[in-house]
Amino acid sequence: MQKDAFMLAEMKDLAKQKDTCVLATVAGQKPYCSLMAYVTDEHCEEIYMVTHKNTNKYKNLMENQFVSLLIDSREISPRSKAKALTVAGECTVIEDEKKRRKVRSKILAVHPNLSEFINHSEAEILCVRICSFLLLNGLQEAHFQPV
């Protein structure tokens, strides 16, 4: 059990350390990927992003809220030792105004360049509730952890 707790902590640490990911959504049977800026909550149980309503990813999320995110360390590790974290989750629009304001502030603290984007009338703040992690250490070592 200690190994599982250690692996989960390592997975969450990687997600917290990074701030960009690839978001995969689905339209019908067609996958769609988007490069996204993100932040996590304190315990890394949720990941927050912002998008506009007129995007393919937003339309896809309105049809199917299950997503996959890819977070990796390739720019700081040799490719043979890079870590790749796949996060599976359920994505919803944050409706609660208090939570929206809190998440908006957190996003802007990490990504101040998103100010105009997040203030646009079409902007929506998304929350991915994490269901599982899959961590690849290097080329062959894999660890799956449901949350």
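A disulfide, for today's purposes, is a pair of cysteine sulfur atoms within 2.5 Å. Hi everyone, keep that cut-off in mind while we look at this one, which is a predicted model.

Let's start with the cysteines. How many disulfides does a search of the whole structure find? The count is zero. Take C91: the closest cysteine sulfur to its own is the one in C127, and at 7.3 Å that is too far for a bond. From the other side, C127 has C91 as its closest cysteine partner, with the sulfurs 7.3 Å apart, so no bond there either. And are these two buried or exposed? C91 counts as buried because its relative accessibility is 3%, and C127 counts as buried too, at 5%.

Next, helix 2, which covers residues 56-63. Its buried residues are K57, Y58, N60 and L61. Looking down the axis of helix 2, you find those buried residues within an arc of 160°, so they line one face of the helix. What covers them? The cover includes strand 1 (20-27), strand 2 (30-37) and strand 4 (46-52), and also strand 5 (66-72), strand 6 (83-93) and strand 7.

That brings me to strand 7 itself, residues 123-137. Strand 7 runs antiparallel to strand 8, residues 141-146, and six bridges join the two. Together they form a hairpin, with three residues between the strands. If you'd like a spot to find on screen, go to N137, which stands opposite E141 in strand 8. Then step into the turn, where G138 has a positive phi of about 70°.

Thanks, everyone, I'm happy to take questions.

Technical notes
Residues numbered from 1 in each chain as written. Predicted model: local features only at pLDDT ≥ 70, side-chain atom pairs only at ≥ 80, totals over all residues. Heavy atoms only, no water. Pairing = 2+ DSSP bridges. Helix = DSSP H or I, 4+ residues; strand = E, 2+ residues; numbered from the N terminus. Buried < 20%, exposed > 50% of the residue type's maximum accessible area, 1.4 Å probe, protein only. Arc of directions from axis to C-beta. Contact = heavy atoms within 4.5 Å.
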